[in-house]
Amino acid sequence: MTLVPDRASTTGVILAGGRARRMDGQDKGLIRLAGRPLIEWAIEALEPQVGAILISANRNLDRYASYGHPVVSDPLGGFQGPLAGCLAAMRAARTPWILTLPCDAPLTPRDLRTRLAETRTAEQTQIAICSDGTRRQQLHALISVALADDLQDFLSRGERKAAIWQHRHRPAVADFGDQSDAFANLNERTDLSRLERLLAAGSGSVDASRSNT
Ligand SMILES: Nc1nc2c(ncn2[C@@H]2O[C@H](COP(=O)(O)OP(=O)(O)OP(=O)(O)O)[C@@H](O)[C@H]2O)c(=O)[nH]1
């Protein structure tokens with residue numbers, strides 16, 4: 001295992017494979033925010049931070065593939081949750097580390113990988129996750145792909161919760177309390193206006209003035 005998860009040894013994984021029941025079942029990664037689909041915000045935020053990108057999606061695969069990054073679907077049907085997407089990505093990644101990012105949180109910190117990597121290296125763990133200062137953000141995570149078999153065992157027992165799987169590996173926790181807005185996400189339609197306000201105010205790693213509206 002590479003000791004320091006640097007840019008070249010890390011694959012960014014955009015988790016866009018959910019059912020989005022609270023958004024009437026729309027494909028969340030394709031919902032437009034400030035004029036651009038969420039998947040585009042995520043790609044733009046990750047590109048400077050990682051050596052490669054994988055998109056985890058279960059619908060509209062051609063649409064996602066048009067962004068030029070490989071698309072991986074969950075091995076199990078029926079929307080089994082984000083860990084299923086993580087496992088597929090860990091199997092497909094060509095790097096020792098993956099950096100996961102939910103597609104519905106467009107204000108990604110510019111230093112997401114570096115801060116997670118520093119924390120992970122200081123504590124010598126196989127997983128590092130973010131804290132927004134109040135709560136753990138389990139899907140913003142740096143994960144060693146050496147854990148793929150362990151995750152597969154966990155899922156094969158019918159377990160689904162990311163917090164429970166990660167807890168078994170005593171994750172390091174990187175404090176992003178100074179950027180708590182970076183974890184604002186889209187769960188319901190009413191979240192759209194807050195996210196657009198935050199983007200316009202310049203939160204996050206991507207310049208909203210480059211949006212095509
Ligand atoms: N690959 C994959 N990703 C998922 C799955 N379920 C959720 N995700 C992703 O994980 C992140 C958090 O998802 P949630 O908000 O908990 O679930 P959701 O399906 O998006 O929305 P709800 O159905 O309204 O809870 C989002 O980026 C989802 O796209 C899944 O079954 N497979």
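Reader: Which residue has a side-chain N or O atom 3.1 Å from an oxygen atom of the ligand?

Author: Keep in mind that this is a predicted model. A polar contact here is a pair of N or O atoms within 3.5 Å. One such pair joins a ligand oxygen to a side-chain N or O atom, 3.1 Å away, and that side chain belongs to K28.

Reader: And which residues come up to an oxygen atom of the ligand with a backbone atom instead?

Author: Let's take them one by one. A backbone N or O atom of G18 is 3.1 Å from a ligand oxygen. At 3.3 Å from an oxygen of the ligand there's a polar backbone atom too, and this one is from C103. So the names you want are G18 and C103.

Reader: How much of the ligand's area does the protein bury?

Author: Start with the ligand taken alone, which exposes 610 Å². Put the protein around it, and the share of that area that gets buried is 88%.

Reader: Where does the ligand sit, and which elements give two or more residues to the shell around it?

Author: Its place is the largest pocket. Two elements each give two or more residues to the shell: a strand, β1 (10–16), and a helix, α3 (82–92).

Reader: How many residues of the shell are charged?

Author: The ligand has 22 residues around it, with L15, R21, S56, D74 and G81 the closest. Sort the shell by type and you get 8 nonpolar and 8 polar residues, while the number of charged ones is 6.

Reader: What domain does UniProt list for residues 12–162?

Author: The span is 31% helix and 25% strand, and its end C-alpha atoms lie 18 Å apart. The UniProt entry, an unreviewed one, names residues 12–162 as "domain: MobA-like NTP transferase".

Technical notes:
Residues numbered from 1 in each chain as written. Predicted model: local features only at pLDDT ≥ 70, side-chain atom pairs only at ≥ 80, totals over all residues. Heavy atoms only, no water. Near = heavy atom within 4 Å. Polar contact = N/O pair within 3.5 Å; in protein donor to acceptor, adjacent residues only side chain to side chain. Areas by Shrake-Rupley, 256 points an atom, 1.4 Å probe, with all protein chains shown as cover. 1 Å grid on protein atoms, 1.4 Å probe; cavity = no way out; pocket = protein on both sides within 12 Å on 5 of 7 lines; lining within 4 Å. Sits in = over half its atoms within 2 Å of the grid points. Helix = DSSP H or I, 4+ residues; strand = E, 2+ residues; numbered from the N terminus. Nonpolar A, V, L, I, M, F, W, Y, C, P; charged D, E, K, R; others polar. UniProt positions renumbered as here; feature names shortened; annotations may be inferred.
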